[in-house]
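Work through these exercises with the structure open beside you. Try each task before you read its solution.

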Amino acid sequence: MSSVQASVTVPVEPADAFRAFTDEIDSWWVRGRHSWVDPARAVGIRFEDGCLRELWSDGGHVDTGRVLTWDPPHRLVWADLINKTGRMEIEVSFTPVTGGTEVLLEHRGLDTLPPDVAGRIRRGYSWQIALRWFAGRWEQT
């Protein structure tokens, strides 16, 4: 199964990094036309009821992921629910390192996608950007 990885190191312990990634995702996720399923209605994002959920201004939502593993403060895995052409999973691990925590994200199942879509994900730009947003959370404090 082909995959792509992205990582960042943040200056906190794994438990704090896991909590910020999950409980505080709405505070660091940048809103924009490329980061939402429905940018016109999107007003928030959170892990809720076993899903990664995009919240909409009309009170509705779309579940973009289904949580498969919730193992604080070590790892989180969710199945991608947006792309119906293949089975994809995103795993985020939190490993203590000198000076903080390495957050490693692996997006698996790219070989199940159309080549053009898999190519965009393989280039890794979206996950590198998202992890920069996450790391930027500590630059604000």
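**Exercise 1. The sheet**

How many bridges join strand β3 to strand β4, and how do the two strands run? Then place them in the sheet.

*Solution.* Keep in mind that this is a predicted model.

Step 1. Find β3 at residues 51-56 and β4 at residues 61-71. They run antiparallel, and 5 bridges join them.

Step 2. Pick a residue opposite another. Leu-52 faces Gly-65 of β4.

Step 3. Trace the sheet. It is open, holds 7 strands and follows the order β1-β7-β6-β5-β4-β3-β2, with antiparallel pairing.

Step 4. Look at the edges. β1 (3-10) and β2 (42-48) each have a single partner strand, so one side of each has no neighbour in the sheet.

Step 5. Add the twist. On average, and ignoring direction, neighbouring strands are turned by 20° against each other.

Step 6. Put the helix on. Helix α1 (residues 14-22) packs on the sheet and touches β1, β2, β4, β5, β6 and β7. Its direction makes about 150° with that of β6.

**Exercise 2. The edge strand β1**

Which residues of β1 lie on its covered face, and which on its uncovered one?

*Solution.*

Step 1. Sort the residues. Val-4, Ala-6, Val-8 and Val-10 make up the covered face. Ser-3, Gln-5, Ser-7 and Thr-9 make up the uncovered face.

Step 2. Check the pairing. β1 and β7 are antiparallel and share 8 bridges. Within this pairing, Val-4 stands opposite His-107 of β7.

Step 3. Look for the cover of another element. In helix α3 (residues 115-122), the residues Val-117, Ala-118, Gly-119 and Ile-121 are buried. β1 and β7 are among the parts that cover the buried residues of α3.

**Exercise 3. Aromatic pairs around Phe-21**

What kind of aromatic pair does Phe-21 form with Trp-78, and what kind with Phe-94?

*Solution.*

Step 1. Start with the total. The whole structure has 12 aromatic pairs.

Step 2. Take Phe-21 and Trp-78. Their ring centres are 6.5 Å apart and their planes stand at 35°, which makes the pair tilted. Phe-21 is in helix α1 and Trp-78 in strand β5, so this pair ties together parts 57 residues apart in sequence. Both residues are buried.

Step 3. Take Phe-21 and Phe-94. Here the centres are 5.9 Å apart, the planes stand at 75°, and the pair is edge-to-face. Phe-94 belongs to strand β6 and Phe-21 to helix α1, so the pair links parts 73 residues apart in sequence.

Step 4. Check burial. Phe-21 has a relative accessible area of 3%. Phe-94 also comes out at 3%. The cut-off for buried is under 20%, so both qualify.

Step 5. Widen the view. One aromatic cluster includes Phe-21, Trp-78 and Phe-94, along with others such as Phe-18, Trp-70 and Trp-138.

Step 6. Look for charges over rings. Arg-137 lies over the face of Trp-138, 4.8 Å from the ring centre. The charged end of Arg-41 sits over the ring of Trp-56, 3.6 Å from its centre.

**Exercise 4. Two residues compared**

Is Thr-101 buried or exposed? Then treat Arg-66 the same way.

*Solution.*

Step 1. Locate Thr-101 in strand β7. Its relative accessible area is 0%, so Thr-101 is buried.

Step 2. List its surroundings. Beyond four places in sequence, Thr-101 touches residues including Val-8, Val-10, Ala-17 and Phe-94.

Step 3. Find a partner for its polar side chain. A polar atom of that side chain lies 2.6 Å from the backbone oxygen of Val-12.

Step 4. Locate Arg-66 in strand β4. At 38% relative accessibility, Arg-66 is partly exposed.

Step 5. List the contacts of Arg-66. Beyond four places in sequence, they include Gly-50, Trp-78 and Arg-87.

**Exercise 5. Backbone details in two loops**

Which two residues does a cis peptide bond join? Then find a positive phi in a residue other than glycine.

*Solution.*

Step 1. The cis bond joins Pro-72 and Pro-73, with omega about -5°. Pro-73 sits in the loop between β4 and β5.

Step 2. The positive phi belongs to Asp-49, where the angle is near 55°. Asp-49 is in the loop between β2 and β3.

Step 3. Check accessibility. Asp-49 counts as exposed, at 66% relative accessibility.

Definitions and conventions:
Residues are numbered from 1 along each chain as its sequence is written. This is a predicted model: local features need pLDDT of at least 70, side-chain atom pairs count only at pLDDT 80 or more; totals for chains, interfaces and linings use all residues. Side-chain values use heavy atoms; hydrogens and water are left out. Two strands pair if DSSP finds at least two bridges between them. Helices (H or I, at least four residues) and strands (E, at least two) are DSSP runs, numbered from the N terminus. Axes are lines fitted to C-alpha atoms, for helices over the stretch in contact, and angles run from 0 to 180 degrees between N-to-C directions. Contact means heavy atoms within 4.5 Å. Rings of Phe, Tyr and Trp (its six-membered ring) pair if their centres lie within 6.5 Å; planes under 30 degrees apart count as stacked, over 60 as edge-to-face and the rest as tilted. Buried means under 20% relative accessible area, exposed over 50%, partly exposed in between (1.4 Å probe, protein chains only). A charge sits over a ring if NZ of Lys or CZ of Arg is within 6 Å of the ring centre and within 35 degrees of the ring normal. A polar contact is a pair of N or O atoms within 3.5 Å; within protein, one must be able to donate a hydrogen and the other to accept it, and residues adjacent in sequence count only if both atoms are side-chain atoms.
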